[in-house]
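Thanks for asking me to take a look at this one. Please have the sequence and the structure open while you read.

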2 protein chains.
Amino acid sequence: MGTMSKVCLEDIRLAYQRIKLHVHRTPVITSQYFNEQSGRQLFFKAENLQKTGSFKARGACNCVLSIKERNPLVSGVVTHSSGNHGQATAYAARVAGLACTVVVPRGTSEVKADAIRSYGAELIYCEPTPLSRHETCAAVAAETRAAVVHPYDDYDTIAGQGTIALELLEQVPDLDAILVAVSGGGMISGIATAVNELRPECKVIAVEPDGKHLGPSLRAGRRLWLDPPRFISTLADGCTTQQCGRLTFPILCRLVEPTVLTVTDDQMAAATRRFWQRAKHVIEPSAGMVVAAALSDQLPAELRRVGVVLCGGNLDLDRLPWLSAGGAAPHALG
Amino acid sequence: MGTMSKVCLEDIRLAYQRIKLHVHRTPVITSQYFNEQSGRQLFFKAENLQKTGSFKARGACNCVLSIKERNPLVSGVVTHSSGNHGQATAYAARVAGLACTVVVPRGTSEVKADAIRSYGAELIYCEPTPLSRHETCAAVAAETRAAVVHPYDDYDTIAGQGTIALELLEQVPDLDAILVAVSGGGMISGIATAVNELRPECKVIAVEPDGKHLGPSLRAGRRLWLDPPRFISTLADGCTTQQCGRLTFPILCRLVEPTVLTVTDDQMAAATRRFWQRAKHVIEPSAGMVVAAALSDQLPAELRRVGVVLCGGNLDLDRLPWLSAGGAAPHALG
């Protein structure tokens, strides 16, 4: 707890200078309907409109451009990702003029695989386990001398994601809280780092899919997850990693509220559909998860002005979450 | 052809003053992807983000507020609509503090019916023919002394829709053309009236669903449609009225390009899906129809900077157009 974090606001400011020509300054959406439904003022940061359709473009661009700055002769980059980070790394490599290989687990939707290929990256399939992903990625790196772009457990990636908070606190300076989806923890680490220095009175609150069990580890200040690391089964396909990273977890323990908001598949499917219906924005289930948290009674009443990070808008439009979710009856969701 | 139109830019400016507190100044969306696909600069006017989810809020607010200005003691308003104009009139009546009855054809989706009720309006069902709609609406008006809010064939409605162009030409002053969906013709009449005075070199181009046959009438300068008026079968459920109005048609003949862009169901389903996928905005098939036109080779190559009015974003999210359209194979559409 006493250790200094290895990433600070200055790193995030430098990241912003590095990436700002290659990413969008995404708008903040407000909605009278959702304000009335939640009884708060909600400010939706629309990373679904970000380059490549998710916030991951920020971290990937910062990481890849930093790699190239440090080693202009690097041969290429490699990463592993179930989707959004893969697209983002492929995009970042194209921006940097580097070759890119993306390791994806078998079962990744064709829509996401095609999107990664569309940025010029090469795909390699592995088994759908965290171990296989890491091993395959390391093997490619060893063989091709490509640099690894970690999806979350890398200070450059974290600093890139932190630029979301730089923008959001300029767009809405007086927030009481920001709600952020957590998977490996890269986005929330970056956001919490920026918020802690820019507006320490603003709470950063983690939102997780049912089955992640972040809360006990966060409150204990140590990793209570069972090894080996596993993926959890959730509609939030951007949030399937159960354990936070070795670099991100200490940042969460230091800077994120100990109470975690947990969302079920049915709740996130309903909230995703409701956001499409009323706000007319396509968001993915991981973002709908955060919308559900913003509408939840679990959120303390004294938080009046709340930022809601809509992490992305990538999903298979032929398989909508509310048409595949277990018990979600359409007429109860509108 | 020599007759003066009964609506002019000044009416549209007055409409804007009347309604601006009650409607959104909608943003203009740009997309590198759609620019590359079309080979032009496209500027999407996002009326899907308008109050009630469609541009109809503009015309309805101007019409209802004008009625109340002229007759402060009016008992209420009544209209007939398959959906968007019904929601918009219900909203406008609530803004004006008036009772509202909406006549809807049997077969209107429950999603749209519920949306109309949610603004406090009463629904009355009629047969799904233009004649039955008019007769039922007239009967309600005679019985309750409510004023009729026509969906398109009313100069106040037309002036309200024209405010789209006031905003768009402020947001993007140097457009070569604006593409507008046509049903009864209220929106394109208002837009063409504003454009003709503000930027006469900008072409206003009609986009229609297959089966409407606007082109021959427009080029002949007279109504060649077969009576009685009928609805056409199209995915563009906001554009089912075959004949333009008695007030709108002469305005179209005077101010709209004689070449009409015609879009099939499969084309509009594909374009709607592609817009959701890439621009992350929920638009309805009538808006997807205009996106399809913007991507079409039918559009003259010299039109470089093109406004595309996304008329609305209301649809049943449990029945997506690309999952119900005849021959639209998902993988060909991405």
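Here are my notes, point by point.

1. Please keep in mind that this is a predicted model. Everything below concerns chain A, which has 14 helices and 10 strands.

2. On overall shape, chain A has a radius of gyration of 18 Å, close to the 20 Å that the globule rule gives for 334 residues, so chain A is as compact as a globular protein of that length. Along the principal axes, its C-alpha atoms fill a box of roughly 55 × 45 × 40 Å.

3. How much of chain A is buried? Buried residues account for 57% of the 334. You may also like the contact pattern: of the contacts between residues at least 6 apart in sequence, 75% join residues at least 24 apart.

4. The domain assignment splits chain A into domain 1, made of 9-54 + 154-333, and domain 2, covering 56-148. The C-alpha centres of domain 1 and domain 2 are 23 Å apart.

5. Now to where the two domains meet: 29 residues of domain 1 are in contact with 21 residues of domain 2. On the domain 1 side, the elements that give two or more residues are helix H1 (9-19) and helix H7 (155-171) of chain A. Which element gives the largest share of that side? That is H7(A), with seven residues.

6. As for the chemistry of the domain 1 side that touches domain 2, its residues divide into 14 polar, eight nonpolar and seven charged. If you inspect this region on screen, H1 and H7 of chain A are the helices to look for.

Note on methods
Residues are numbered from 1 along each chain as its sequence is written. Chains are lettered from A and ligands numbered from 1 in the order in which they are written. This is a predicted model: local features need pLDDT of at least 70, side-chain atom pairs count only at pLDDT 80 or more; totals for chains, interfaces and linings use all residues. Helices (H or I, at least four residues) and strands (E, at least two) are DSSP runs, numbered from the N terminus. The radius of gyration is taken over C-alpha atoms; the globule rule is 2.2 Å times the number of residues to the power 0.38. A residue is buried if 20 or more other C-beta atoms lie within 10 Å of its own, exposed if 12 or fewer, and partly exposed in between; C-beta atoms are placed from the backbone. Two residues are in contact if their C-beta atoms, placed from the backbone, lie within 7 Å. Domain bounds come from an automatic or database domain assignment. Ala, Val, Leu, Ile, Met, Phe, Trp, Tyr, Cys and Pro count as nonpolar, Asp, Glu, Lys and Arg as charged, and the others, Gly among them, as polar.
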